[in-house]
Structure formats: C-alpha cells, structure tokens
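Subject: Structure handover and notes

Dear colleague,

I am passing on to you the structure that we talked about, together with some notes on it. Please open it beside this message, so that you can look up each place as you read.

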Amino acid sequence: MDKVPLMFEGRAVGELTAVREGLYTRYSAVCRLPGEGVWCAWVLGERGELRIGVLEPCGTEATISRRFSDRVTAPLGSLQSGELRPIGAGPASTDWKPIGRVEDWFHTSWLCDQLRHYRGVLAVREGERCRVAIPYDPRQPFPIPSLFCFAHVIQAAGQRCVVYIFNHAEHPIFDKDRTS
C-alpha cells in the first residue's frame, strides 16, 4: 500500500492511498473540502495523471474509492501525489505559452511536423511532461487525428482546445478524463 498527501493549492488537505488488488489498483481518498462545490480527486504519477472521480461529502470529510485496471494505471508511472481539483478544472498549470517555432519546444520530427499544421498552439511544461493545446473548432477536422484517443477537450487561454500530453520522449500519454 502506498500513501501520499492529497494536495490543494500547495497544502495537504487529505490522504490518497493506492492498494494493489491483483490486476487492479484501488485508489481511495479522504479529505477536508476547501469550499463549496463539486470536487474531484486525482492521482499524479511520474508520467501521467488520472481522475479518480467526484468525492462524496460525509460530515466534515469527503471520500472516494475506485478501482482501475493495470492497463489504465501503468502509463501513470510511480505514484507521486494526489490532488484535489474543482470539477471541470483543466490542467493543474494555467501558464499556457504560445509555442512559436515548434523546434524550440520539441525535438521529434514527427511531432514537429504535426504541430506545424496548426495556428495558435499553446504549451506548458509540467516536470517531464508537456501539455499541448491546439485551438479547436468542431466544424473543422479534429487536430492530429492519429492521436484522437489521447485527446481531451478543454477551455485553455479563453478558447476551446484539444489537449495532448507528451512524456519526456514526446510519446503521447493518456489524459486524466479518458478514464472516467
């Protein structure tokens, strides 16, 4: 069993545990909610993150417990911490920056070639991961269609964007909302 703090705005508000159960991992979170609203617990791994789901308030605490298969949890890498986020929150960081020249951000020719097709692309580095937000108009073709299964659509910098997460080797990794 692994235990890590469940964080909100840089402070621990509870605890996240991970317990192996055969071919599955059960994540359980218990915390004090920081305010009104609907809150989700997240698992932050070394290579990805996973939304556990909406916490259920019970007295002065809130809890959730969910089990995920190895196929879902293996891409996360080792457990780093937990995080509490209001429902509908996008990535932990909102420091989106225009990428300008793709070669200044990425080194693999395939990814550079893909991103050159789009205007207004934003990115943010988060440790060894990089989030890429491509402005998205549903009336237009989907950005980087070969990676659609890794996509997550959010509001970023005031516009609808398709977001992909890439690891240090610039391979796409599953985003948190693809598993809930």
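The notes below deal with confidence, then with charged pairs, and finally with a patch on the surface.

Please keep in mind from the start that this is a predicted model. The mean pLDDT of the protein chain is 86, and 93% of its residues reach 70 or more. Confidence is highest in strand S3, at a mean of 96, and lowest in strand S12, which covers residues 152-156, at a mean of 77. There is also a stretch to treat with caution, since over residues 89-93 the pLDDT is below 50, although in the model this stretch has 13 contacts beyond near neighbours in sequence.

Turning to charge, side chains of opposite charge can pair when their charged atoms come close. A search of the whole structure finds 14 salt bridges, and a few of them are described here.

One of these joins the side chains of arginine 26 and glutamate 21, with 3.1 Å from N to O. Arginine 26 counts as partly exposed, because its relative accessibility is 26% and the partly exposed class lies between 20% and 50%. Glutamate 21, with a relative accessible area of 29%, is likewise partly exposed.

Another salt bridge is formed by arginine 101 and glutamate 103, whose side chains meet at 3.9 Å, N to O. Here arginine 101 has a relative accessible area of 51% and is therefore exposed, as the cut-off is over 50%, whereas glutamate 103, at 37%, is partly exposed.

A further pair to look at is arginine 131 and glutamate 126, where the N to O distance in the salt bridge is 2.8 Å. Both arginine 131 and glutamate 126 are buried. These two residues also belong to a network of salt bridges that links them with Glu49, Glu83, Arg85 and Arg129, and you may find it helpful to display the six side chains together.

Finally, which residues make the nonpolar surface patch of about 230 Å²? The patch is made by Val38, Val54 and Ile87. Of these, valine 38 lies in the loop between strand S3, residues 24-31, and strand S4, residues 39-45. With a relative accessible area of 42%, valine 38 is partly exposed, and it can be counted in a patch because patch residues need over 30%.

With best wishes

How values were computed
Residues numbered from 1 in each chain as written. Predicted model: local features only at pLDDT ≥ 70, side-chain atom pairs only at ≥ 80, totals over all residues. Heavy atoms only, no water. Patch = residues over 30% accessible without salt bridge, like charges linked within 9 Å, V, L, I, M, F, W, Y side chains within 5 Å. Areas by Shrake-Rupley, 256 points an atom, 1.4 Å probe, with all protein chains shown as cover. Salt bridge = Lys/Arg side-chain N within 4 Å of Asp/Glu carboxyl O. Helix = DSSP H or I, 4+ residues; strand = E, 2+ residues; numbered from the N terminus. Buried < 20%, exposed > 50% of the residue type's maximum accessible area, 1.4 Å probe, protein only. pLDDT = per-residue confidence, 0-100. Contact = heavy atoms within 4.5 Å.
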